[in-house]
Amino acid sequence: MKENGVDWVLHETSGQVSYITLNRPEALNALTPGQRDRIIELLAAASADPDVRAVVLTGTGRGFCAGADLRGGSSKGARVAGDVARTLRLGAQRLIAAVLDCEKPVLAAVNGTAAGLGAHLALACDLVLAAESARFIEVFVRRGLVPDGGGAYLLPRLVGSQKAKELMFFGDALPAVDAERLGLVNRVVADGELDKTAREWAARLAAGPTRALALTKQLVNASLDADRATAFAAEAAAQEINMTTEDAQEGVRSFVRRTTPKYRGR
């Protein structure tokens, strides 16, 4: 989408990687509904395109994403019961679900402030790289709001309920190094190294067994809400499906021959 001739969501596909970049640096990449829908559309396209084998999500300027853009959010007239829940379901929750359900691994390259929905957008990704200057803020309490965009679902699963409550109750900014210590971030890199590292990680993901990665993602995500019997059954089903892929056969064949496997994403 464009505003005044400027594309607010940049997109390119290179080396079988879909690069999605939020491009409203003057607003710290606060998300408009149009931007949100465009990201959802691009994630769905990445899932469906066999030539895309990984996704990188990042931003321009000093902010990764400052959350939802609330400047146009004041409604005129009386609010109808159900409006808020419907807006949330079709908006922020749909965005986070699109990341979690994407069939390709999604890597967040957090270049700056990730606040509110922006923090949850990063944390929903499969891998998170953060620049040293990045920070994560559960900003909702500062505005008298309840966390949305799946925050109360994601955070306890990443850091435990006590730490999640601390972050959400106080709304303090969490520096990248502390986020890494808590397990919210895979790795912190120098600001000038973020793009290079993200592209290196994305290239490794794109060279991997794409269907096996997709099934692994599904298993891990589902295991957080499943009992052991259900998780074991899902694992067996995933193995059954994956063993029919060309990449699985190549992996076994290369092991026997002691050669380096060459995966094609099939």
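Start in the interior: select I20, L43, F64, V110, F136 and L155, which touch the most other members of the largest nonpolar core, a set of 48 residues. The model on screen is a predicted one. Keep L43 selected and show what surrounds it. Beyond its neighbours within four places in sequence, L43 is in contact with I20, V55, A98, V99, C102 and V106. Another core lies apart from the largest one; this other core has 15 residues, including A54, V56, A131 and A198.

**The six-stranded sheet**

Now switch to a cartoon view and find the open sheet of six strands, whose order is β3-β4-β5-β7-β9-β12. Its pairing is mixed. As background, the strands of a sheet pair through backbone hydrogen bonds, and the pairing can be parallel or antiparallel. Which strands stand at the edges? Select residues 9-14 for β3 and 187-189 for β12: each of these edge strands has a single partner strand, so one side of each is left without a neighbour in the sheet. Going from one strand to the next, the twist averages 20°.

Next, colour helix α1, residues 33-48. This helix packs on the sheet and touches β3, β4, β5 (54-59) and β7 (106-110). The direction of α1 makes about 175° with that of β4.

Zoom in on the edge at β3. Its pairing with strand β4 (residues 17-22) is antiparallel and runs over six bridges. Two places to look along this pair are T13, which stands opposite S18 in β4, and L10, which stands opposite T21 in β4. The two strands form a hairpin with two residues between them. Select G15 in the turn: its phi is positive, about 60°.

**The four-stranded sheet**

Move on to the other open sheet in this tour, formed by four strands in the order β6-β8-β10-β11. Here too the pairing is mixed. The edge strands, β6 and β11 (173-175), each pair on one side only. The twist from one strand to the next averages 25°.

Within this sheet, select residues 113-115 for β8 and 135-137 for β10; these strands run parallel and are joined by three bridges. A114 has F136 in β10 as its bridge partner. F136 was also in the opening selection, as one of the residues that touch the most other members of the largest core.

**Two helix pairs**

Select α2 (83-90) together with helix α3 (residues 92-101). Their axes come within 3 Å and cross at roughly 25°, which makes α2 roughly parallel to α3. Show side chains for T87, L88, R89 and L90 of α2, and for A92, Q93 and R94 of α3, since these residues make the contact. By class, the contact has three nonpolar, two polar and two charged residues.

Then go to helix α9 (residues 210-223) and helix α10 (residues 228-242). The axes of this pair come within 10 Å and cross at roughly 170°, which makes α9 roughly antiparallel to α10. On the α9 side the contact is made by R211, A212, L215 and L219, and on the α10 side by A234, E235, A238, I241 and N242. Six nonpolar, one polar and two charged residues make up the contact of α9 with α10.

**Two single residues**

Stay on α9 and select T210, which belongs to this helix. Is T210 buried or exposed? T210 counts as buried because its relative accessibility is 3%, under the cut-off of 20%. Show its surroundings: leaving out residues up to four places away in sequence, T210 touches R53, K104, D247 and G265.

For the last stop, select R71, in the loop between β6 (63-65) and α2. R71 has a relative accessible area of 64% and is therefore exposed, as the cut-off for that class is over 50%. Residues up to four places away in sequence aside, R71 touches R24 and A27. Add T32 to the selection: R71 and T32 are 39 residues apart in sequence, while their C-alpha atoms are 9.4 Å apart in space.

Key. Residues are numbered from 1 along each chain as its sequence is written. This is a predicted model: local features need pLDDT of at least 70, side-chain atom pairs count only at pLDDT 80 or more; totals for chains, interfaces and linings use all residues. Side-chain values use heavy atoms; hydrogens and water are left out. A nonpolar core is a set of buried Ala, Val, Leu, Ile, Met, Phe, Trp, Tyr and Cys residues joined through side-chain atoms within 4.5 Å. Buried means under 20% relative accessible area, exposed over 50%, partly exposed in between (1.4 Å probe, protein chains only). Contact means heavy atoms within 4.5 Å. Axes are lines fitted to C-alpha atoms, for helices over the stretch in contact, and angles run from 0 to 180 degrees between N-to-C directions. Angles under 35 degrees count as roughly parallel, over 145 as roughly antiparallel, 65 to 115 as roughly perpendicular and the rest as oblique. Ala, Val, Leu, Ile, Met, Phe, Trp, Tyr, Cys and Pro count as nonpolar, Asp, Glu, Lys and Arg as charged, and the others, Gly among them, as polar. Two strands pair if DSSP finds at least two bridges between them.
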